[in-house]
Amino acid sequence: MKLLELYRRNRPEFFRIVRYLIVGGWNTLFGVGLYTLVYELWGTRTNYLGWAVAVNILAITNAYLCYKFFVFRTKGNYLREYLKCCTVYGAGALLGMGGLFLLVSGAGMNPVWANFLLTGITVVLSYFGHRYFSFRRRREHE
């Protein structure tokens, strides 16, 4: 669907997508930046996958708070939404870490560049998971 057409037909959805892209950009910078920082500080002396786990936990929590209050603007259901958000991001994180292992250990790619690539893929996939699972309003699935 064209963006202008979406804007004309469904402005709330259009602006939700814009807010999602803003938060997705922020969370991508947050996660990639934090991973790059810890990798540069300690990654060459420790396991890069261990740092990926720690950074993903922080990035998931950051994303949840931003999506809940800025993008989807849902009320209540904090624990349920957080757990659903963790499920969506956890699946993405597992996919990302598996991809990180394949790209770094299998293909010899630099861990930071591999993380950039995989983060871009998971940002796109996570929109659908959050829109239709994590922050789905009750009336949307009835």
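## Exposure and the Arg9–Glu5 pair

A residue counts as exposed when its relative accessible area is over 50%, and as buried when that area is under 20%. In this predicted model, Arg9 has a relative accessibility of 60%, so Arg9 is exposed. Glu5, at 36%, is partly exposed, because its value falls between the two cut-offs.

These two residues are a nice place to begin, since their side chains form a salt bridge with an N to O distance of 3.3 Å. Both belong to helix H1 (residues 3–9), where four residues, about one turn of the helix, separate them.

## A link between helices H2 and H5

Let's move on to a buried pair: Glu13 and Arg131. Their side chains make a salt bridge at 2.9 Å, N to O. Glu13 sits in helix H2 (residues 11–43) and Arg131 in helix H5 (residues 111–134), so this contact ties together parts of the chain that are 118 residues apart in sequence.

## A link between helices H3 and H4

Lys68 and Glu81 also meet through their side chains, in a salt bridge of 2.6 Å, N to O. Here the connection runs from helix H3 (residues 48–71), which holds Lys68, to helix H4 (residues 78–106), which holds Glu81; the two residues are 13 apart. Both Lys68 and Glu81 are buried.

## The shared network

Which residues are joined into one network by salt bridges that share partners? They are Glu13, Arg16 and Arg131. In total, the structure has four salt bridges, among them the Arg9–Glu5 pair described at the start.

Technical notes
Residues are numbered from 1 along each chain as its sequence is written. This is a predicted model: local features need pLDDT of at least 70, side-chain atom pairs count only at pLDDT 80 or more; totals for chains, interfaces and linings use all residues. Side-chain values use heavy atoms; hydrogens and water are left out. Buried means under 20% relative accessible area, exposed over 50%, partly exposed in between (1.4 Å probe, protein chains only).
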